[in-house]
Amino acid sequence: MTVFSAYSDEDILSYLQDQVKDGTVHTDEAMLKKQSFNPNASGGETGLARAFVEVASVEDIQGVLRAARKFHIAVIPQTAFSSTVIGSDGIDGAIILSTRKMDQILELSKEDSVAVVQPGVVNGALDKAARKEGLFYAPDPGSKPFSSIGGNVSTNAGGMSTVRFGATKDNVLGLKAVLADGRVVKLGGRTLKQAFGYDLTQLFVGSEGTLGIVFEVTVKLMPIPLGKSVMGVAFFDDMSALAKGVSAIRMSGVYPTMLEALDGNTVIALDRFEGTHYAENSGSMLIFRLDGSSDESVGVLNDLLAKYNGQHVQVTTDPDEQAALEKLRQDMLPAVFSGNNHLMEDMAMPLSKLAPMMDYLQELGKKLGIKIYTAGHAGDGNVHPTFTWSEDEDEVPEVVIEALRQTFWKTLELGGTISGEHAVGMLKNQWNNPELGETVDVLQHQVKTLFDPMNLLNPKRKID
């Protein structure tokens, strides 16, 4: 079909350059490929962007959106570019709008226990700055050393301490954003309570850049707990037994900060990666942490581990030993990924269904003849099974796709969600109807249309 375009590429890029006064517009192929194709995301390359724009001001954001409206071009919001679900990869002919250079902590108020930050601020950097004031920023995804607050807000990132302090949504008080039509909105504020109007702040958290471009975030900070920090490991015969022990610990009143589960396959992979010998102890590993703990809470924890047949329990208050255990958990993914092609998934289960899901994944791997490494944030029911196959196969094998499909259906059958903290992106946007139901699926599209009637912002992500 012959198409007669009103504007040439030169026209479009010239106009875009004129709209970006403070930032930088990149059009060289090497940069476009680097920012369009994310090696962290599974699913292959999606498309090569037309331009990569590093904005430095609200006016730059408005300028990019002005160009997008004029030429009907998709805009892909991006910051640290660490999404695993094809959430900020390029689309052919699109403009990637990067806020990574907007990386300032604008305010850190001990009096109000809040920080006001730009989206490019790295999660770990904010936490370090807060700790200098006797506070801390609670959300701690595995990508804490490099993921940005903007990306965390976009995906509603969770992490190891979600069991006690909640996910990103539980720690965001307000934000400012530019809508697709260029208007600036201020949502929420810096109060710990707010009941006026509809809660549009929470609507934007987890919206994956489909409703507006966030340029400022106000987050809640916590005082560092008093008392000692206790960390340790325990081993169980299998993940089902571990899940039952976790459920009892969570309901005991000791308020753990971390309850991380690793199945036998993952422990073996860690031993191979680290040169350790944990797999000799038993089938599955629990890494736990109590902050601000008392002797009584540690005693309750030890009693419950014994009651639910936790074995080879090791507990430490030594900071260096605790750091080694944290590193062990952080090294879990590189250990599993080493020597394998992989797809890591992200379901969240009702706590009562965690053990059945663990049993199901073990049986599924045996039935289909594939290796599944299962780990996750057991304290909040978040399961991360990793499906692996040979490095010699470039394409995802059909048996792995079938394993994913069966896992998703089982998750929904048990009352869970197929996206706990990694967001939807393009990997799961075909599952809106099964997960949400027909009526809510339609409502989701109506909300998107209200905020972005031209469908310019991150199209095909979040919802299809």
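Visitor: Leaving aside its neighbours within four places in sequence, which residues is Leu-286 in contact with?

Guide: Contact means heavy atoms within 4.5 Å. Outside that sequence window, Leu-286 is in contact with Gly-232, Val-233, Ala-234, Phe-236, Leu-242, Val-246, Ile-249, Leu-259, Glu-260 and Leu-305. This is a predicted model: local features need pLDDT of at least 70, side-chain atom pairs count only at pLDDT 80 or more, and totals for chains, interfaces and linings use all residues. Residues are numbered from 1 along each chain as its sequence is written, and side-chain values use heavy atoms, with hydrogens and water left out.

Visitor: Which residues touch the most other members of the largest nonpolar core?

Guide: A nonpolar core is a set of buried Ala, Val, Leu, Ile, Met, Phe, Trp, Tyr and Cys residues joined through side-chain atoms within 4.5 Å; buried means under 20% relative accessible area (1.4 Å probe, protein chains only). Here the largest has 39 residues, and Leu-242, Ile-249, Leu-286 and Leu-305 touch the most other members.

Visitor: Which helix gives the most to this core?

Guide: Helices (H or I, at least four residues) and strands (E, at least two) are DSSP runs, numbered from the N terminus. Helix 13 gives the most, with 7 residues.

Visitor: What is the strand order in the open sheet?

Guide: Strands of a sheet pair through backbone hydrogen bonds, either parallel or antiparallel. Two strands pair if DSSP finds at least two bridges between them. This sheet of 5 strands has the order 5-6-10-8-9, with antiparallel pairing. Strand 5 (105-109) and strand 9 (184-188) stand at the edges with a single partner strand each, so one side of each lacks a neighbour in the sheet.

Visitor: How many bridges join strand 8 to strand 9?

Guide: Strand 8 (residues 172-178) is joined to strand 9 by 5 bridges. Val-178 stands opposite Val-184 in strand 9.

Notes. Buried < 20%, exposed > 50% of the residue type's maximum accessible area, 1.4 Å probe, protein only.
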